[in-house]
Amino acid sequence: MVMVTCSNKDKGAATKKACTNGCLGCRRCERVCPMGAIKVVDNVAVIDHSKCEDCTDFGICAKSCTSGCLIIVND
Ligand code: SF4
Ligand code: SF4
């Protein structure tokens with residue numbers, strides 16, 4: 001499964017100053033997800049795992065995340 005390992009709600013610039021792998025709210029993951037399973041809410045990505053089933057390009061969200069806070073984990 002994929003998960004976002006950040007819950008920080010600061011804007012991207014402030015987050016970048018404080019942390020090397022915080023969510024920047026850049027929406028890159030939201031744009032690439034073919035299932036509409038990711039939404040950025042209050043500057044942090046949130047995954048709806050009920051929509052993440054049967055992904056046609058599993059893990060593309062994690063690959064698109066330049067900060068490294070969206071990762072693939074074994075469940
Ligand atoms: S694995 Fe696929 S469906 Fe799930 S959040 Fe990532 S891109 Fe979206
Ligand atoms: S691509 Fe990464 S940094 Fe950008 S919104 Fe998604 S989880 Fe956050």
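**Exercise 1. Locate cysteine 69 in this predicted model and decide whether cysteine 69 is buried or exposed.**

Solution. Cysteine 69 sits in the loop that runs between helix 3 (60-64) and strand 4 (70-72). The next step is to count neighbours: 23 C-beta atoms lie inside 10 Å of cysteine 69. A residue is buried if that count is 20 or more, so cysteine 69 counts as buried.

**Exercise 2. Determine which residues cysteine 69 touches beyond four places in sequence.**

Solution. Once residues up to four places away in sequence are set aside, cysteine 69 touches Val4, Thr5, Cys6, Asn21, Gly22 and Cys23. A distance may be added for methionine 3: this residue and cysteine 69 are 66 residues apart in sequence, while their C-alpha atoms are 8.2 Å apart in space.

**Exercise 3. State which residues form the largest nonpolar core, and list the contacts of leucine 70.**

Solution. The largest nonpolar core has twelve residues: Val2, Cys6, Cys23, Leu24, Cys29, Cys33, Ile38, Ala45, Cys61, Cys65, Cys69 and Leu70. For leucine 70, neighbours within four places in sequence are left aside; the contacts are then Val2, Val4, Cys29, Ala45, Cys61, Ala62 and Cys65.

**Exercise 4. Describe the surroundings of ligand 1 and of ligand 2.**

Solution. Begin with ligand 1. The residues around this ligand are Val2, Cys33, Met35, Ala37, Ile38, Ile47, Cys52, Cys55, Phe58, Gly59, Ile60 and Cys61. By class, the shell of ligand 1 holds eleven nonpolar residues, one polar residue and no charged residue.

Turn next to ligand 2, which is surrounded by 15 residues, the closest being Cys23, Cys26, Cys29, Ala45 and Cys65. The shell of ligand 2 comprises ten nonpolar, three polar and two charged residues.

**Exercise 5. Examine phi, position and exposure for arginine 27 and for aspartate 42.**

Solution. As background, most residues other than glycine have a negative phi. Arginine 27 is not a glycine, yet its phi is positive, near 70 degrees. Arginine 27 belongs to the loop between helix 1 (12-18) and helix 2 (28-32). Its C-beta count within 10 Å is 13, so arginine 27 is partly exposed.

Aspartate 42 is likewise not a glycine and has a positive phi, of about 55 degrees. The loop between strand 2 (38-41) and strand 3 (44-47) contains aspartate 42. Aspartate 42 counts as exposed because 11 C-beta neighbours lie inside 10 Å, and a residue is exposed if the count is 12 or fewer.

Conventions. Residues numbered from 1 in each chain as written. Chains lettered and ligands numbered in written order. Predicted model: local features only at pLDDT ≥ 70, side-chain atom pairs only at ≥ 80, totals over all residues. Near = placed C-beta within 6 Å. Nonpolar A, V, L, I, M, F, W, Y, C, P; charged D, E, K, R; others polar. Core = buried A, V, L, I, M, F, W, Y, C linked by C-beta atoms within 7 Å. Contact = placed C-beta atoms within 7 Å. Helix = DSSP H or I, 4+ residues; strand = E, 2+ residues; numbered from the N terminus.
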